[in-house]
Amino acid sequence: MTNKTVANNTVVRVHYTGTLPDTGEVFDTSEGKDPLTFLVGHKNMISGFEEEMMGAKLGERREFTLEPERAYGHQNDELVLEFPKSEFSHLESSGVQIEIGMQLVAQTFEGPAPFIIRAVSEDSITADFNHAMAGKTLKFSVEVVEVRTATDEEINHGHAHGPGGVNH
Ligand code: ZN
């Protein structure tokens, strides 16, 4: 049985373009790539994205704007941390120049944690672990290119299998 409407426990493939409404800058798009594939209702996407796509039919295009609370949340000051510059010495000794705005990834016990360099001083470095899109209002244009009912296995795993999905 095929389900042609976006709903919980369907696997959806979409083409999308995300822009920053203030500047019109495209921050992410599937244009020229494979469509984005996800299992609906399992927190694989930011909440507002799924909410806005609920009930969309195959071939339907929707445009919507998400405030930070329905996208990547607000900036959390507690995720902006200062480190002694010596902790970055391994990078600098391998020829990497630490600069403001640079994106790096820290290896933590909970897995990789990307961060952005916010400030560099004589002896310390300020690292911002907020999501790069935190605090931003995002505009999306989304077209549904495939909808199908998820298999029991996909629902148990909490992610999509098959093209564009996960292989386990
Ligand atoms: Zn799986």
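**A two-domain predicted model**

A compact globule of 168 residues would come out with a radius of gyration near 15 Å, but this protein has 19 Å (the radius is taken over C-alpha atoms, and the globule rule is 2.2 Å times the number of residues to the power 0.38). Its C-alpha atoms fill a box of roughly 65 × 40 × 30 Å along the principal axes.

Keep in mind that this is a predicted model, where local features need pLDDT of at least 70, side-chain atom pairs count only at pLDDT 80 or more, and totals for chains, interfaces and linings use all residues. Numbering runs from 1 along each chain as its sequence is written, and side-chain values use heavy atoms, with hydrogens and water left out.

Now for the domains. The assignment, automatic or from a database, gives domain 1 as 10-72 + 133-157 and domain 2 as 77-128. Their centres, taken over C-alpha atoms, sit 31 Å apart.

As for secondary structure, there are three helices and nine strands, in the order β-β-β-α-β-β-α-β-β-β-β-α. These are DSSP runs, numbered from the N terminus: H or I of at least four residues for helices, E of at least two for strands.

What about packing? Of the 168 residues, 35% are buried, meaning under 20% relative accessible area with a 1.4 Å probe, protein chains only. Among contacts (heavy atoms within 4.5 Å) with a separation of 6 or more, 63% join residues 24 or more positions apart.

On the outside, the protein exposes about 10,100 Å², with carbon and sulfur atoms supplying 49% of it (Shrake-Rupley method, 1.4 Å probe).

Key: Buried means under 20% relative accessible area, exposed over 50%, partly exposed in between (1.4 Å probe, protein chains only).
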